[in-house]
Structure formats: structure tokens, C-alpha cells
Amino acid sequence: MNDILTIADLKARAKRRVPKMFFDYADSGAYTEGTYRANEEDFQKVKLRQRVLVDMTNRSLESEMIGQKVSMPVALAPTGLTGMQHADGEMLAAQAAEEFGVPFTLSTMSICSIEDIASVTTKPFWFQLYVMQDRDFVINLIERAKAAKCSALVLTLDLQILGQRHKDIRNGLSAPPKFTPKHIWQMATRPLWCMQMLGTKRRSFGNIVGHAKSVTDLTSLSVWTSEQFDPQLSWRDVAWIKERWGGKLILKGILDEEDARMAVSTGADAMIVSNHGGRQLDGAPSSISMLPRIVDAVGGDIEVHLDGGIRSGQDVLKALCYGAKGTYIGRPFLYGLGAGGKAGVTRALEIIRKELDITMALCGERDVRNLSRRNLHQGN
Ligand SMILES: Cc1cc2nc3c(=O)[nH]c(=O)nc-3n(C[C@H](O)[C@H](O)[C@H](O)COP(=O)(O)O)c2cc1C
């Protein structure tokens with residue numbers, strides 16, 4: 001891993017190690033992928049204010065997200081099918097995050113189950129909830145997250161219906177993978193991935209199979225998932241979930257000031273400014289471009305977090321300068337996982353930590369909690 005210096009290096013290595021259909025699943029956005037690209041590109045437009053001859057000793061990246069201590073304000077975002085980037089992927093990523101001192105968020109659509117993660121970690125992790133039409137299943141998921149002592153529920157609001165990602169359709173993506181000649185070829189050319197995958201029994205949706213009514217095999221699972229996302233999900237349901245959960249609640253997928261005010265009125269602990277990594281509404285603005293407006297609208301009333309397009313510690317710093325109290329990385333940790341399992345996730349976090357630390361110093365700051373818009377160049 002010593003020659004891996006950037007998240008782009010991890011991405012290149014993951015591409016060589018992960019079968020095409022799963023690498024593409026991570027590296028894709030909806031339709032034209034315009035919003036996916038904008039998430040990354042718009043960070044480049046934000047310029048930092050360079051300061052000199054300021055004491056740069058004793059720097060600290062420690063902070064808090066929803067009142068929980070973090071070694072830096074960067075959590076792992078919930079991502080579906082993570083156990084297909086690498087065998088037992090969610091368990092490895094959760095362990096890497098725990099050792100690093102940052103939150104890990106498990107997706108509803110994960111391969112490893114809530115109980116799997118609890119069995120390999122010692123500190124609480126976060127659980128992301130998709131609200132399905134089968135409310136008994138949702139209640140059961142919430143109870144399982146409570147039993148696993150998850151310390152926050154991340155409720156995703158921006159996936160009532162699934163955005164179309166062309167690559168997934170062209171690749172015939174499924175979990176576990178199909179065994180057509182094309183899929184067999186994609187896997188056969190990634191022998192290490194295959195060997196590791198043969199060594200685990202976790203190859204399907206661990207939170208769903210055996211828990212949702214009538215889902216016992218692959219065919220019933222794919223029918224169930226395609227029908228289950230709830231197009232009628234409403235703010236009333238948010239109140240219902242908040243009540244049932246009773247713990248820290250984070251609302252994910254806010255990209256509009258009006259929705260941000262609605263989110264505040266629910267009494268949630270935090271919101272994530274997010275467009276789902278450009279995977280849902282293609283044509284929506286980038287997360288970083290919306291962040292200042294949303295912080296101005298509601299930042300005094302609720303903790304605002306951001307995800308989408310973060311590929312470096314500089315990007316994290318820019319989000320913090322605009323007023324985010326926390327950030328999340330999706331693809332950067334997935335690329336790390338594909339490139340080298342747990343060590344790869346750790347490497348992704350190390351890269352971001354070092355970049356954040358040096359960049360903060362060169363901006364003349366010693367404490368990540370003191371970053372503000374005065375650290376950005378005035379032309380922004
Ligand atoms: C492969 C992949 C799968 C994802 N699955 C989920 C999911 O199951 N639940 C969810 O709330 N968000 C999901 N997301 C969105 C991420 O939580 C996050 O918003 C996004 O990845 C942030 O952008 P970034 O990848 O540029 O960091 C997924 C993203 C990716 C890339």
C-alpha cells in the first residue's frame with residue numbers, strides 16, 4: 001500500500017481487482033452522470049486562503065458528530081452491496097472505521113447483516129434505514145438495530161424510487177452474481193476476488209433474506225426489493241420512525257432549503273446535505289454548491305453534514321469551512337475495500353487524514369473545529 005498516495009490510486013487498483021459489474025456499480029451515477037461529476041468538480045472551484053507565519057504546532061482533527069467523539073469528522077457513508085467489492089466487505093470496513101475512530105454506517109441493502117457487524121466490532125456503529133412498504137419489516141429492522149446497540153439511525157429520504165444507472169442495467173447487476181458467460185468471464189479475470197468470495201457464505205442481502213416475509217430465495221428477493229421502496233413516504237413517516245427508534249436520528253438526502261426547514265421541524269439531530277452521490281436525480285446541483293445556502297438557512301438549528309464528491313482531505317476541509325459539522329465518504333472507502341480489503345479502507349482514511357491535517361496547517365489553523373468561511377478565499 002506504500003505506493004498508494006491518493007484516492008485515485010485506490011480507485012485504479014480497485015478497478016484491477018473487482019469484477020467489472022461491481023466496480024461499475026460503485027463508479028456510476030444516474031443517467032448522464034452529470035451530478036455525479038459535478039459533486040467532484042465543484043470542490044475544485046472552492047479556493048483556500050493561504051496564511052503564513054502562524055504557529056502550526058499541536059494540531060487537532062478531533063471533533064464530534066451528533067455528540068459522539070470522532071478522530072476526524074469523516075464517517076463512512078452507507079453503501080449497498082459493499083460485500084461484493086470484497087468478501088465480507090462491511091465487516092472489514094466497520095473494523096477499519098472503529099480502529100480509526102470514525103463512524104461506520106451500515107446500509108439496509110448490505111451483504112453482511114446488522115448482527116454480523118455487531119459480532120466483529122466493540123463500539124456502536126450507525127445503521128441506515130430505507131423505509132419499505134412492509135412496515136413490519138421496517139419495525140423489525142429498527143428493533144434489530146437497537147438490539148445491536150447502534151448509536152444512530154440514518155434515515156435516507158432521497159430514494160423513494162430508484163434512479164436509473166445505465167451501467168447496472170447493461171452489466172445485469174445482481175447479488176449474488178448471475179452465472180452467464182459474461183458474468184463468469186468478469187469474475188474469472190479477478191481470481192483473488194473469487195477466492196475470497198468462495199471463502200465466505202455472505203453473498204446476498206444479509207438484512208433481508210430470512211427476515212422479510214416471503215423472501216426465501218433469489219427470485220423472491222429481487223421481486224421484493226423492486227416492489228418495496230415506498231413512493232408514498234412522507235414527513236409523517238419520519239415522525240413515526242423517530243418515535244419508534246427513540247435515539248439519535250440523522251436525515252440523509254437534503255438538497256433544498258425548504259426541505260432543510262422541514263427536516264429541522266422533525267426534531268432530528270442532524271441532516272446530511274446529499275444527492276446520493278449523483279445516483280438519484282441527475283441534473284441536481286452538487287452537494288458542496290448547496291451547502292452554504294443550507295447552512296445559512298438552518299445551520300443554527302440543526303447539525304448539518306455533507307456527502308458527495310469528497311476525494312481528499314482538502315474537500316473535507318472545504319465542507320467544514322462552509323459550516324458542515326461532519327462529512328461522509330462513499331466511493332473513497334469502497335475503492336479502498338476493493339483495492340485491499342480492510343487495509344485499503346484504512347489507507348483511504350489515512351490519506352484523507354494527512355491531507356486534511358497538512359491543508360489545515362497551511363491555512364493557518366490548528367483545530368479542525370475552528371475552520372470557517374474566513375479560511376476560504378474571498379473570490380469564492
Ligand atoms: C455503490 C453505492 C451504494 C450506495 N448505497 C446506498 C445505500 O444503500 N443507502 C444510502 O443511503 N446511500 C447509499 N449510497 C449513497 C452514499 O451513502 C453517499 O450518499 C454517496 O456515496 C456519497 O458520495 P461519494 O460516493 O461521492 O462519497 C450509495 C453510494 C454508492 C456509491
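Me: Ala, Val, Leu, Ile, Met, Phe, Trp, Tyr, Cys and Pro count as nonpolar, Asp, Glu, Lys and Arg as charged, and everything else, Gly included, as polar. Sorted by class, what makes up the lining of the second largest pocket?

Reply: This is a predicted model, by the way. In that lining you get 13 nonpolar, eight polar and three charged residues. Leu157 is one of the residues nearest the pocket's centre, and Leu counts as nonpolar. Gly253 is also among those nearest the centre, but Gly goes in the polar group.

Me: Okay, on to the ligand. What makes the pair between Gly80 and the ligand a polar contact?

Reply: A backbone N or O atom of Gly80 lies 2.9 Å from a nitrogen atom of the ligand. The cut-off is 3.5 Å between N or O atoms, so this pair counts.

Me: And why is the one with Asp307 called a polar contact too?

Reply: Here a polar side-chain atom of Asp307 lies 2.7 Å from an oxygen atom of the ligand. That is within 3.5 Å, so the name fits. As for cover, the ligand alone exposes 600 Å², and the protein buries 99% of that.

Me: Where does the ligand sit?

Reply: In the largest pocket, which holds about 1,200 Å³ of space.

Me: Which helix gives the most to the shell around the ligand?

Reply: H15, with three residues. Helix H2 (20–26) supplies at least two.

Methods. Residues are numbered from 1 along each chain as its sequence is written. This is a predicted model: local features need pLDDT of at least 70, side-chain atom pairs count only at pLDDT 80 or more; totals for chains, interfaces and linings use all residues. Side-chain values use heavy atoms; hydrogens and water are left out. A polar contact is a pair of N or O atoms within 3.5 Å; within protein, one must be able to donate a hydrogen and the other to accept it, and residues adjacent in sequence count only if both atoms are side-chain atoms. Accessible areas come from the Shrake-Rupley method with a 1.4 Å probe; for residues, only the protein chains shown count as cover. On a 1 Å grid over the protein atoms alone, a cavity is a set of points where a 1.4 Å probe fits but cannot get out, and a pocket is an open set with protein on both sides within 12 Å along at least five of seven lines; lining residues have an atom within 4 Å of a point. A molecule sits in a cavity or pocket if more than half of its atoms lie within 2 Å of its grid points. Helices (H or I, at least four residues) and strands (E, at least two) are DSSP runs, numbered from the N terminus. Grid points are joined across faces, edges and corners, and a volume is the space filled by probe spheres set on the points.
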